[in-house]
Amino acid sequence: MSDEPELREGAVEAELAEEWPGLRLAWIAFDAVPGPSPPELRERLRLLSDRFRGPQAIALRRAPIPHAYRVFFRHIGLEPDETRTPVEALALERMKHGGFASRSLLDDAITIAVMDTSVPVWALDAAVLDGGLVLRAARAGEPLGRAEGAGAVPGGRLVVADHRGPVAVLFGEPAPGCGVTERSRRLALFSVAVPGVPGIHVEEALWTVWDIVAGD
C-alpha cells in the first residue's frame with residue numbers, strides 16, 4: 001500500500017464561504033497508474049449493484065446528504081431533476097442498465113466511493129496542476145482547461161481552479177486537458193462538501209478511492 005497522501009483543504013472564495021457556511025473543497029494527490037478494473041473490483045461493483053435496488057433508489061433523494069446536494073444545486077441555479085447530483089446520476093444508471101457499469105480502475109473506485117458516501121469525487125491529472133485548488137467564481141473570458149483553443153467560462157460560473165485558471169466547472173466533469181488519461185502517472189482527487197454534509201464523509205470518499213486505486 002502506498003503512503004497515505006496528505007489531505008489538503010482547498011481555498012473557498014470569501015464571498016462564497018460567507019454565503020454558504022460549510023462549503024468545503026478537499027483534495028489529495030498521489031502517484032498511480034490508471035488501468036483496467038481488476039476482477040475483484042468488478043465483483044465488488046457487481047455486489048454493490050445487487051444491494052442497490054429500486055427501493056433504495058427511491059429513498060435516496062430524501063436521505064440527508066443527497067438532499068443537501070439537491071438543495072445546494074437549486075441555490076446555484078441547477079435543477080437537480082434535470083442536472084442530477086453525482087450520486088443520483090449513478091443511481092439512475094443502475095436502474096436503467098440493471099447494474100453499475102465497470103469502466104476502469106479509477107472510474108469503478110469513484111463509483112464505489114460515491115455510492116457508499118453519497119459524496120462526489122472527481123479526478124484530475126495532477127501533472128497539469130499549478131499550485132493548490134480553489135473554489136471560486138470564474139472571471140469573464142477565462143479559458144476552461146488546458147486544451148488548445150479551450151472555450152471561455154461564463155463570468156460568475158462557479159469553478160474549481162488552480163493558479164492558472166479553471167480546471168472544472170463546479171459539479172461538472174474535468175475540463176479539457178485536465179482529466180486523467182492513460183498517460184497520467186500522478187492523480188489529484190477532489191471533493192466538494194456543501195452545507196449540511198459532515199466532513200468525515202468527504203474524507204471517507206477520498207480515502208476510499210485512494211485505497212482502491214493505490215492499493216497493491
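**Exercise 1. Find which side chain Arg-24 pairs with through a 2.5 Å polar contact, then describe the surroundings of Arg-24.**

Solution. Start with the side chains: Arg-24 and Glu-9 are joined by a polar contact of 2.5 Å. Bear in mind as you go that we're working on a predicted model.

Next, look for backbone partners. A polar atom of the Arg-24 side chain sits 3.4 Å from the backbone oxygen of Gly-199.

Now place the residue. Arg-24 belongs to strand E2, which covers residues 24-31. Is Arg-24 buried or exposed? Its relative accessibility is 15%, and the cut-off for buried is under 20%, so Arg-24 counts as buried.

Then widen the view. Skipping neighbours within four places in sequence, the contacts of Arg-24 include Leu-7, Val-12, Ser-191, Val-192, Ala-193 and Val-202.

Last, try a residue pair that sits apart: Arg-24 and Arg-146 are separated by 122 residues in sequence, and their C-alpha atoms are 24 Å apart in space.

**Exercise 2. Work out where Ser-191 sits and which backbone oxygen lies 2.6 Å from a polar atom of its side chain.**

Solution. Ser-191 is part of strand E7. With a relative accessibility of 0%, Ser-191 counts as buried.

For the polar partner, check the backbone of Pro-120: its oxygen is 2.6 Å from a polar atom of the Ser-191 side chain.

To finish, list some company. Beyond four places in sequence, Ser-191 touches, among others, Arg-24, Leu-25, Ala-26, Val-119, Trp-122 and Leu-206. So the Arg-24 from the previous exercise turns up again, as a contact of a residue that is itself buried.

**Exercise 3. Describe how helices H5 and H6 pack.**

Solution. What do we need for this? Two packed helices are described by the angle between their axes and the distance between the axes.

Get both values. The axes of H5 (residues 86-97) and H6 come within 9 Å, and they cross at roughly 110 degrees. Angles from 65 to 115 degrees count as roughly perpendicular, and therefore that label fits H5 and H6.

Now see who meets whom. On the H5 side there are Pro-86, Val-87, Leu-90 and Ala-91; on the H6 side, Thr-111, Val-114 and Met-115. Sorted by class, this contact has 6 nonpolar residues, 1 polar and no charged ones.

**Exercise 4. Look at Ser-118 and Phe-171, and say what is notable about phi in each.**

Solution. Take Ser-118: its phi is positive, about 70 degrees, even though the residue isn't a glycine. Ser-118 is in the loop that links helix H6 (105-117) to strand E3 (122-125). At 14% relative accessibility, Ser-118 counts as buried.

Then Phe-171: here too phi is positive in a residue other than glycine, with a value near 70 degrees. Phe-171 lies in the loop between strand E6 (166-169) and strand E7 (186-193). Its relative accessible area is 14%, so Phe-171 is buried.

**Exercise 5. Summarise the whole chain: its elements, its extent and its contacts.**

Solution. Count the elements: the chain has 7 helices and 7 strands. Along the sequence they follow β-α-β-α-α-α-α-α-β-β-β-β-β-α.

For extent, the C-alpha atoms fill a box of roughly 45 × 40 × 30 Å along the principal axes. A compact globule of 216 residues would have a radius of gyration near 17 Å, and the chain has 17 Å, so the two agree.

Burial comes next: 47% of the 216 residues count as buried.

Finally, contacts: among those with a separation of 6 or more, 69% join residues 24 or more positions apart.

Key:
Residues numbered from 1 in each chain as written. Predicted model: local features only at pLDDT ≥ 70, side-chain atom pairs only at ≥ 80, totals over all residues. Heavy atoms only, no water. Helix = DSSP H or I, 4+ residues; strand = E, 2+ residues; numbered from the N terminus. Buried < 20%, exposed > 50% of the residue type's maximum accessible area, 1.4 Å probe, protein only. Contact = heavy atoms within 4.5 Å. Polar contact = N/O pair within 3.5 Å; in protein donor to acceptor, adjacent residues only side chain to side chain. Axes fitted to C-alpha atoms, helices over the stretch in contact; angles between N-to-C directions. Parallel < 35°, antiparallel > 145°, perpendicular 65-115°, else oblique. Nonpolar A, V, L, I, M, F, W, Y, C, P; charged D, E, K, R; others polar. Rg over C-alpha atoms; globule rule 2.2 N^0.38 Å.
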